[in-house]
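Reader: I'd like a close look at one part, namely how the strands pair up and what goes on around them. Please keep it relaxed, and point me at residues I can click on.

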Amino acid sequence: MTSSSQLGLVLVTTATETEARAIVKSLIESRLTACVTLTPIQSIYRWQGAVHSDSEYQLSIKTDLALFDQIAAQIEHQHSYDLPEIIAVPIVESTESYGQWVREQVGERASRD
């Protein structure tokens, strides 16, 4: 295993699979992520004084966290929610080969910024 403190997951929820796929496509094409896992979920939350329960799609975006601000800006530009969930979780460890692959996929982008 190798330490990978710069690598992380950016978690985002969307209202529809179509919206999720559009965000994923733009992030992959922009080289802001190496890979995104798309999962249907059920969210229960408080919003504007009421409790809601909705089906959503969660994106687990594997990236270099140095790109977080750019990722967040791109998602906010495309997202339908007034306040989208965009949070980062650092990857504490990964296999050396996986960490290297993620860095290679976003490396060109990260090195320009």
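Author: Two strands pair if DSSP finds at least two bridges between them. The elements themselves are DSSP runs, numbered from the N terminus: helices are H or I with at least four residues, strands are E with at least two. This is a predicted model, where local features need pLDDT of at least 70, side-chain atom pairs count only at pLDDT 80 or more, and totals for chains, interfaces and linings use all residues. Residues are numbered from 1 along each chain as its sequence is written, and side-chain values use heavy atoms, with hydrogens and water left out.

Let's start with strand S2, residues 7-14. Seven of its eight residues are buried, so you'll find this strand mostly covered (buried means under 20% relative accessible area, exposed over 50%, partly exposed in between, with a 1.4 Å probe and protein chains only). S2 has two pairings to look at. With strand S4 (residues 50-64), S2 makes eight bridges in the antiparallel sense. With strand S5 (residues 86-90), the pairing is antiparallel again, over five bridges. A nice residue to click on is Leu-9: opposite it in S4 stands Lys-62, and opposite it in S5 stands Val-89. Further along S2, Val-12 has Leu-59 of S4 as its bridge partner.

Leu-59 is a handy stepping stone, as Leu-38 also stands opposite it. That brings us to strand S3, which covers residues 35-47. S3 and S4 run antiparallel and are joined by 13 bridges. For a spot on S3 itself, try Ser-43, which is found in that strand. Ser-43 counts as buried because its relative accessibility is 14%. Compare its place in sequence with its place in space: Ser-43 and Asp-54 are 11 residues apart along the chain, while their C-alpha atoms are 5.4 Å apart.

Now for the turn. S3 and S4 form a hairpin with two residues between the strands. Gln-48 is found in that loop between S3 and S4, and its phi is near 50°, a positive value in a residue other than glycine. Most residues other than glycine have a negative phi. Gln-48 is also exposed, since its relative accessible area is 68%. There is another residue of this kind to look up: Arg-31 has a positive phi of about 60° although it is not a glycine. Arg-31 is found in the loop between helix H1 and S3. With a relative accessible area of 28%, Arg-31 is partly exposed.

Going back along the chain from that loop, H1 takes up residues 17-29. Its 13 residues should span 18 Å at 1.5 Å a residue, and the end C-alpha atoms are indeed 18 Å apart, so the two agree (the expected span is 1.5 Å times one less than the number of residues). Which residues of H1 are buried? They are Glu-19, Ala-20, Ile-23, Val-24, Ser-26 and Leu-27. These cover an arc of only 165° around the axis, which puts them on the same side of H1 (the arc is that of the directions from the helix axis to the C-beta atoms). On the face turned away from that buried side you'll see the exposed residues Thr-18, Arg-21, Lys-25 and Glu-29.

Lys-25 gives you a way to relate the helix to the sheet. Ser-60 and Lys-25 are 35 residues apart in sequence, and their C-alpha atoms are 13 Å apart in space. Ser-60 has its place in S4. Its relative accessibility is 16%, so Ser-60 counts as buried.

Last stop, helix H2, residues 68-78. The buried residues here are Ile-71, Ala-72, Gln-74 and Ile-75. Looking down the axis of H2, you'd see them fall within an arc of 165°, so they line one face of the helix. The exposed residues Asp-69, Glu-76 and His-77 sit on the face of H2 turned away from the buried side.

If you want a quick route through all this on screen, click Leu-9 with its partners Lys-62 and Val-89, go on to Leu-59 opposite Leu-38, and finish at Gln-48 in the loop between S3 and S4.
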